Amino acid sequence: TPKTIPHPLNIAVAGTGYVGLVSGVCMAHRGHHVTCVDIDVKKVTMMQQGISPIYEQDLEELMHLNKERLTYTTDYKLAYKNADVIFIGVGTPELPDGSANLAYIATVARQIAETVERDCLVVVKSTVPVGTNDKVEQFIKDFLPTDSENEILGKNSKIKIEVASNPEFLAQGTAVRDTLEAARIIIGTDSIIAKETLIKVYEPFGLPIVSVSRRSAEMIKYAANDFLALKISYMNDIANLCELVGADIQDVAKGMGFDGRIGDKFLNAGIGYGGSCFPKDTKALDYLAKQNGYELRTVKAAIAVNKDQKVLLYKKACKRLITFNGLKVAVLGLAFKPGTDDLREAPSLENVPLLLAQGADIYAYDPVAMDNFRKIFPETGTESKGEQGKGSIKYVESVEEAIQGANVCFVLTEWGEIKAVKPEDYKRLMRTPLVYDGRNIYAVEDMKESGVEYYSIGRKKFV
Ligand code: NAD
């Protein structure tokens, strides 16, 4: 007889990062009881006070709205022992060889095995290489107390734990909306009960569900993400050629986008992709291919193009300026994209140290990511006074403050308020109006008319 699945479900989520917390809060918003677990005491204390530890639009409001159904704890035992479903949303960062670090997943799997007191479904939401769900299942089996141990521990000896894959496709900056209005939910399992349980989790969302095998689900995540990375690198590659042959990448993208087979989204050329996903997921898939004796040439090319793209403008500026020593350099935008405070793999992390090494005096501005950036590059306070290799960095409270008196400006993130800067403001406020725009956010003609020397990606050169 099929077991009845309770509703609402008692859900635990391991990891309260961009994926774990947003998923947990959205599942509570759809009526489930959710316990969010993290090992980071600071994060948990913040959440218990109703504060989101990450910047994500609407998240804090939803935390507040659903507080009756949300619990935050560092005590995983409390969260896992009676859960119907446990989602794993911990990080799977890149190891030096490009493979995914599965240590955090393994820790959670062990904690689950040591803790659960009744049947439950474990759902891997983190992005993991194909075959990882099999390993998690085996790992949990290995760690589940044996019958004799159970007797000693007084535990139920017949605990059955299923493992299913449910990759996440949210994008930072729009994570809440992406979760509540996801294009599709991927459920990866061959077990009927696991599938039915996951359908119960997602039923209240009213979204399309695609049910596949565990391995296909794991592959869908990488294939989808790497396709997007490829799309970006392809457009950047074409953009670089556009510059050489006198075409304009924005016009080219517009013309391409009308073709339904191509689509009009994700065709923006720029300073390269960053973030916690595209860089690591391209490398992890490349690694998986290599492990299986296959060379994934397309993805390899996307990685190579992106590496160069991130420092393209810096290199251009080096040629134009000869030296940054003692120059005041405005850096507008530090986050890897607008709408987030996340800096992982952000182009700013590559360009700022290069500029500092050249003796630049940086005035940096970002509406939300400055505190995180300051932790990596503490404010130096004093200016370099032209000493080679001893640049300085200062954080300022507005775009105007950053560009005031600057010799050169780099635009690294297309935040709304940076887009809103008028070309004449650069002309009026900078000492020498020289702008390198990594996000193509201004019209070349407008900059030209305002007398700004303007360089962007794949567009007409203006001198
Ligand atoms: P994150 O680094 O923001 O969060 C991970 C959290 O897990 C941290 O708060 C950490 O303290 C916590 N943690 C570590 N070990 C733990 C344990 N044993 N128990 C409980 N908590 C633990 O990561 P993220 O960006 O949310 O990404 C998580 C996963 O989701 C990754 O595999 C990533 O590839 C994938 N993903 C991320 C995004 C995204 O946009 N960030 C989108 C889709 C998929």
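The domain layout, nonpolar core, main sheet and unusual backbone positions of this predicted model are described below.

The chain is divided into three parts: domain 1 spans residues 10-212, domain 2 spans 222-307 and domain 3 spans 310-455. Taken over C-alpha atoms, the centres of domain 1 and domain 3 are separated by 39 Å. Six residues of domain 1 and seven residues of domain 3 take part in the contact between these two domains. On the domain 1 side of that contact, two residues are nonpolar and four are polar, while no charged residues are found there.

The largest nonpolar core comprises 130 residues, and those with the most contacts inside it are I86, V329, L332 and C409. Helix α10 (residues 214-245) supplies the largest share of this core, namely nine residues. The surroundings of L332 can be described in detail. When neighbours within four places in sequence are left aside, L332 is in contact with Y365, V399, A402, C409, F410, V411, L412 and I418. One of these partners, C409, is itself listed with L332 among the core residues with the most contacts.

In general, the strands of a sheet pair through backbone hydrogen bonds, in either a parallel or an antiparallel sense. In this model, six strands form an open sheet with parallel pairing, in the order β11-β10-β9-β12-β13-β14. The edges are occupied by β11 (392-395) and β14 (453-455); each has a single partner strand, so one side of each is left without a neighbour in the sheet. From one strand to the next, the twist averages 20 degrees. At the β14 edge, β13 (residues 434-437) pairs with β14 in the parallel sense over three bridges. Within this region, Y436 stands opposite Y455 of β14.

Several backbone positions were also examined. H7 and P8 are joined by a cis peptide bond, with omega of about -5 degrees. P8 lies in the segment before β1 (10-14).

Two residues that are not glycines have a positive phi: about 65 degrees for F266 and about 50 degrees for N440. F266 is located in the loop between α11 (249-257) and α12 (278-291), whereas N440 belongs to the loop between β13 and α20 (444-449). Their surroundings can be described by counting C-beta atoms. F266 counts as partly exposed because it has 16 C-beta neighbours inside 10 Å. N440 is buried, because 22 other C-beta atoms lie within 10 Å and the cut-off for a buried residue is 20 or more.

Notes: Residues are numbered from 1 along each chain as its sequence is written. This is a predicted model: local features need pLDDT of at least 70, side-chain atom pairs count only at pLDDT 80 or more; totals for chains, interfaces and linings use all residues. Domain bounds come from an automatic or database domain assignment. Ala, Val, Leu, Ile, Met, Phe, Trp, Tyr, Cys and Pro count as nonpolar, Asp, Glu, Lys and Arg as charged, and the others, Gly among them, as polar. A nonpolar core is a set of buried Ala, Val, Leu, Ile, Met, Phe, Trp, Tyr and Cys residues joined through C-beta atoms within 7 Å. A residue is buried if 20 or more other C-beta atoms lie within 10 Å of its own, exposed if 12 or fewer, and partly exposed in between; C-beta atoms are placed from the backbone. Helices (H or I, at least four residues) and strands (E, at least two) are DSSP runs, numbered from the N terminus. Two strands pair if DSSP finds at least two bridges between them. Axes are lines fitted to C-alpha atoms, for helices over the stretch in contact, and angles run from 0 to 180 degrees between N-to-C directions.
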